[in-house]
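Thanks, everyone; I would like to walk through the sheet of this model, then one loop, and finally the cysteines. Please keep the sequence and the structure in view while I talk.

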Amino acid sequence: KMLVAKIFVCLKPNVLDPQGKAVCNSLQQLGYTNVIEARVSKYIELTFDSDNEESIWKETDKICQELLANPNTEHYWFTLENKEESQS
């Protein structure tokens, strides 16, 4: 069995999001006037050749800290799910 880490990386609430602001402005120009804010985030999936959840959780957390998220401006969270080999 394999595990899939589904990772979300988002800007911290106090960090300006120019891309989100552009999305919000575009939506309002298209008539979606109820949209008052948009925040743009990253979604990443990593597939591991292991079913050891504790080990993969630690490894995913380390990957997020070292590469995927900037601790000064972003926060992250993730889930682990089983992936059957036939789905790859």
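Strand 1, residues 2–11, and strand 2 run antiparallel and are joined by seven bridges, and if you look for one particular pair within that ladder, you will find that Ile-7 has Ile-44 of strand 2 as its bridge partner. I should say at once that this is a predicted model. The sheet as a whole is open, with three strands in the order 2-1-3 and antiparallel pairing. Strand 2, at 42–48, and strand 3, at 74–83, stand at the edges with a single partner strand each, so one side of each has no neighbour in the sheet. From one strand to the next, the twist averages 20 degrees. Helix 2, residues 53–68, packs on this sheet and touches strand 1, strand 2 and strand 3, while its direction makes about 145 degrees with that of strand 3.

Now to the loop between strand 1 and helix 1, the helix at 18–29, where we find Pro-13. Pro-13 counts as exposed, because its relative accessibility is 73%, and its C-alpha atom is separated by 37 Å from that of Lys-1, which lies 12 residues away along the chain.

Finally, the cysteines: how many disulfides does a search of the whole structure find? The search finds zero. For Cys-24, the closest cysteine sulfur is in Cys-10, at 17 Å, which is too far for a bond; for Cys-64, the closest is also in Cys-10, at 11 Å, again too far. Cys-24 is buried, with a relative accessible area of 5%, and Cys-64 is buried as well, at 0%.

Conventions. Residues are numbered from 1 along each chain as its sequence is written. This is a predicted model: local features need pLDDT of at least 70, side-chain atom pairs count only at pLDDT 80 or more; totals for chains, interfaces and linings use all residues. Side-chain values use heavy atoms; hydrogens and water are left out. Two strands pair if DSSP finds at least two bridges between them. Helices (H or I, at least four residues) and strands (E, at least two) are DSSP runs, numbered from the N terminus. Axes are lines fitted to C-alpha atoms, for helices over the stretch in contact, and angles run from 0 to 180 degrees between N-to-C directions. Contact means heavy atoms within 4.5 Å. Buried means under 20% relative accessible area, exposed over 50%, partly exposed in between (1.4 Å probe, protein chains only). A disulfide is a pair of cysteine sulfur atoms within 2.5 Å.
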